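This briefing was prepared for a reader who wishes to relate sheets, packed helices, salt bridges and enclosed space to one another. Please keep the sequence and the structure in view while reading.

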Amino acid sequence: MTKHELDDVKRTIETQFPGIGLLSVESLGEGYRNYALLVNGEWVFRFPKSQQGADELHKEIQLLPLLASRLNVGIPVFEFVGRQNDGRPFVGYRKVQGEILGENGISSLSGEASQRLAAQLAAFMHALGEFPVETAIAADVPVRNLNHEVLELLESAKIEAFPVLPESLQHYIARRCQTYLDDPPYSEYTPALIHGDLSPDHFLTDPSKTALTGIIDFGDAAISDPDYDYVYLLEDCGETFTRQVMTCRGVLNQDALIRKVSFFVTFDQISYLVEGVRSGEKEWICEALEILEEDARVNKDAC
């Protein structure tokens, strides 16, 4: 964010919420669809950068107040809801207790802390699954049809990504998508509310990393296959930790579920590759290619 942009944001906050008494503003980071600021050391303000980010924030504004009392961890509670000059919403909420765990934080957890985190995540996922689907839809939470998404992703990959891929990787991606689509049980599930981006980058823990204190970023929340919420656990936290969460949730055939979720991991990397090609981000393309090549080696007999 440039100094000019930051000054505009400060004016927007001060004009719409003069009672906050703007004393300090620090950047908390910038993502693909939003940027976040820490105001007065205690308030987080999120500003969407695109219409997609605005639509996702609108969904959070409707959904999160309905979820707050049902969850076992802290989530953002929007106390300030305003409008940017372009009409897009922005929000401010008291900083959720805890510090971001992050991908590197998983490996540093003790056995006891890892088990506690797994149990808390299992309880969180269960609470989401128990939330009334009709209520979520009324709060503008979209319904995701994963089969349709995989079909669209494959077509996009063929048009946009295949020209930059070796033939072997083209065949792998096509086979991998088709194998998932051809397996009827993968389409048989009871739709439920999912977080959609359950990554350690969105986990908040206490200073000693012994307990989960909060979960943030519900922008990808949807009604879909509840197993999809394992995708970033497997991708970012590893199979051992993912199995811990599954055990806490009473999953009996974990091998079958791990195999299913591994397809979601592949699709996530294909999507990342396509986005990299579209945006011309060479770093994204290289990273996605490296992961997909490893993915192909691991799953060569299980497409």
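The points below are grouped by topic, beginning with the sheets.

The model is predicted. Its strands include a five-stranded open sheet with antiparallel pairing and a three-stranded open sheet, likewise described as antiparallel. A search of the whole structure finds 18 salt bridges, and the cavity count comes to one of 30 Å³ or more.

**The five-stranded sheet**

- The strand order in this sheet is β1-β2-β3-β5-β4.
- Strands β1 (25-30) and β4 (78-83) each have a single partner strand, so one side of each is left without a neighbour in the sheet.
- On average, neighbouring strands of this sheet are turned by 20 degrees against each other, direction ignored.
- Strands β1 and β2 run antiparallel and are joined by five bridges; they form a hairpin with three residues between them.
- Within this pairing, Val-25 stands opposite Val-39 in β2.
- Strand β2 (residues 34-39) also pairs with β3 (residues 43-48) in the antiparallel sense, over six bridges.
- In that second pairing, Val-39 stands opposite Trp-43 in β3.

**Helices on the five-stranded sheet**

- Helix α1 (residues 3-16) lies across β1, β2, β3, β4 and β5 (89-94), and runs at about 65 degrees to β2.
- Helix α2 (residues 51-67) packs on the sheet as well, where it touches β2, β3, β4 and β5.
- The direction of α2 makes about 45 degrees with that of β5.

**A salt bridge at strand β1**

- The side chains of Glu-30 and Lys-49 meet in a salt bridge, with an N to O distance of 2.8 Å.
- Because Glu-30 lies in strand β1 and Lys-49 in the loop between β3 and α2, the pair ties together parts that are 19 residues apart in sequence.

**The three-stranded sheet**

- The strand order here is β6-β8-β9.
- Strands β6 (99-100) and β9 (212-215) are the edge strands, each pairing on one side only.
- Strand β8 (residues 203-205) pairs with β9 in the antiparallel sense over three bridges, and the bridge partner of Thr-205 in β9 is Leu-212.
- Helix α4 (residues 111-130) packs on this sheet, touching β8 and β9, and its direction makes about 40 degrees with that of β9.

**The cavity**

- The largest cavity has a volume of about 30 Å³.
- Its lining consists of Leu-109, Ala-113, Leu-117, Thr-205, Lys-209, Thr-210, Ala-211 and Leu-212; among them are Thr-205 and Leu-212, the bridge partners named above.
- By class, this lining has five nonpolar, two polar and one charged residues.

**The second largest pocket**

- The second largest pocket has a volume of about 300 Å³.
- Its lining residues include Leu-234, Glu-235, Ile-258, Ser-262, Val-265, Ile-291, Glu-294 and Asp-295.
- The elements giving two or more residues to this lining are α8 (231-237), α10 (254-279) and α11 (282-298).
- Helix α11 supplies the largest share of the lining, four residues.
- By class, the lining of this pocket has five nonpolar, two polar and four charged residues.

Technical notes:
Residues numbered from 1 in each chain as written. Predicted model: local features only at pLDDT ≥ 70, side-chain atom pairs only at ≥ 80, totals over all residues. Heavy atoms only, no water. 1 Å grid on protein atoms, 1.4 Å probe; cavity = no way out; pocket = protein on both sides within 12 Å on 5 of 7 lines; lining within 4 Å. Points joined across faces, edges and corners; volume = space filled by probe spheres on them. Nonpolar A, V, L, I, M, F, W, Y, C, P; charged D, E, K, R; others polar. Pairing = 2+ DSSP bridges. Axes fitted to C-alpha atoms, helices over the stretch in contact; angles between N-to-C directions. Contact = heavy atoms within 4.5 Å. Salt bridge = Lys/Arg side-chain N within 4 Å of Asp/Glu carboxyl O.
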